[in-house]
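Thanks, everyone, for making the time this morning. I would like to walk through one model with you, and please keep the sequence and the structure in view while I talk.

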Amino acid sequence: MQASEFRPVSYSRTTITELMIPAYANFGGKIHGGILLSLMDKVAYACSAKHAGNYCVTVTVDGVHFLQPVEVGELVSLMASVNYVGNTSLMVGIKVIAENVKTGQVKHTNTSYFTMVAKDDSGKPTPVPGLLLENQEDVRRFLEAIKRREIKEHSRQVFENEKSRLTPEEDLTLLEKERCRLGF
Ligand SMILES: CC(C)(COP(=O)(O)OP(=O)(O)OC[C@H]1O[C@@H](n2cnc3c(N)ncnc32)[C@H](O)[C@@H]1OP(=O)(O)O)[C@@H](O)C(=O)NCCC(=O)NCCS
């Protein structure tokens, strides 16, 4: 397929389900956040590479907030779909749920967004196919991705501006209400 062609969202929709084994647990008995991040990276790769028809790399990860702990013995499912495509980049939305197999209770642990870039054989970014939006849900996700990118870029610029105006001497007052003290 040529990069100028379009692939439907359903073509690359990917789900990975994995049992949470004791080796994945932290000292508190809950699943390590890093285990979930690794699974999210894996499903983001599978979904993006399938859409791109090329090797992809992870560039940024947004919206990782673990809302509820995941327990040993739960079945974790990660559902990924391409929400947005640029020229060489694509954004993959990932919804993570954990199911207690005994009770059937399902909890939503997080929804995150991975920006991936397709690479050619020489390691250079390469164009990806366009995205064929198949229903209103696909349209909503694409529009939200546009807004997410705009807001992120705006907040990056605001932060850079604020950072450049920060003078440690003058802004020491900001520290007064924080739980820190100077050790020098
Ligand atoms: C991301 C990377 C490909 C960008 O390379 P580059 O030569 O700067 O390429 P470009 O400037 O042409 O950007 C390529 C695409 O990445 C996007 N991009 C680059 N930096 C980005 C960022 N911080 N956030 C979101 N998208 C970004 C660009 O918008 C562009 O998308 P588009 O083609 O859809 O418009 C390069 O920095 C890289 O390979 N990084 C390492 C990624 C990696 O190895 N990840 C695995 C984890 S170690």
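I will go through the sheet, then the helix across it, then the ligand shell, and finally two individual residues.

Please bear in mind throughout that this is a predicted model.

Let me begin with the sheet, which is open and has five strands in the order β2-β4-β5-β6-β3, with antiparallel pairing. Its edge strands are β2, residues 14–19, and β3, each of which pairs on one side only, and from one strand to the next the twist averages 30 degrees. As a general reminder, the strands of a sheet pair through backbone hydrogen bonds, in either a parallel or an antiparallel manner.

If we move across the sheet from β2, we find that this strand is joined by six bridges to β4, residues 75–85, and that the two run antiparallel; within that pairing, Thr14 has Ala80 as its bridge partner in β4. From β4 we pass to β5 through a hairpin of three residues, and there the two antiparallel strands are joined by 10 bridges, among them the one that pairs Val85 with Leu90 in β5. Then β5 is joined to β6 by 11 bridges, again in an antiparallel arrangement, with Gly93 standing opposite Tyr113 in β6. The hairpin of β5 and β6 has six residues between the strands, and in it Gly104 takes a positive phi near 80 degrees.

Now to the helix. α3, residues 136–165, lies across β3, β4, β5 and β6, and runs at about 80 degrees to β4. How does the span of α3 agree with what its 30 residues should give? At 1.5 Å a residue the expected figure is 44 Å, and the end C-alpha atoms of α3 are 43 Å apart, so the two agree. As for burial, α3 is hardly covered, with two buried residues among its 30, whereas β5 is mostly covered, with eight of its 11 residues buried.

Let me turn to the ligand. Which residues are around it? They are Val57, Thr58, Val59, Thr60, Gly86, Asn87, Thr88, Ser89, Thr115, Val117 and Pro125. Both β3, residues 55–62, and β6, residues 106–119, supply at least two residues of this shell, and the largest share, four residues, comes from β3. Sorted by class, the shell has seven polar residues, four nonpolar ones and no charged ones.

I will finish with two residues outside the strands. The first topic is Glu5, which sits in the segment before β1. Is Glu5 buried or exposed? It is exposed, because 10 other C-beta atoms lie within 10 Å, and a residue counts as exposed at 12 or fewer. Along the sequence Glu5 and Gly130 are 125 residues apart, yet in space their C-alpha atoms are 6.0 Å apart.

The other is Val64, in the loop between β3 and β4, which counts as partly exposed because it has 16 C-beta neighbours inside 10 Å. Setting aside its neighbours within four places in sequence, Val64 is in contact with Asn110 and Ser112. Its C-alpha atom is also separated by 8.6 Å from that of Leu37, a residue 27 places away along the chain.

That is where I will stop, and I am happy to take questions.

Definitions and conventions:
Residues numbered from 1 in each chain as written. Predicted model: local features only at pLDDT ≥ 70, side-chain atom pairs only at ≥ 80, totals over all residues. Near = placed C-beta within 6 Å. Nonpolar A, V, L, I, M, F, W, Y, C, P; charged D, E, K, R; others polar. Pairing = 2+ DSSP bridges. Axes fitted to C-alpha atoms, helices over the stretch in contact; angles between N-to-C directions. Contact = placed C-beta atoms within 7 Å. Buried ≥ 20, exposed ≤ 12 C-beta atoms within 10 Å, placed from the backbone. Expected span 1.5 Å × (residues − 1).
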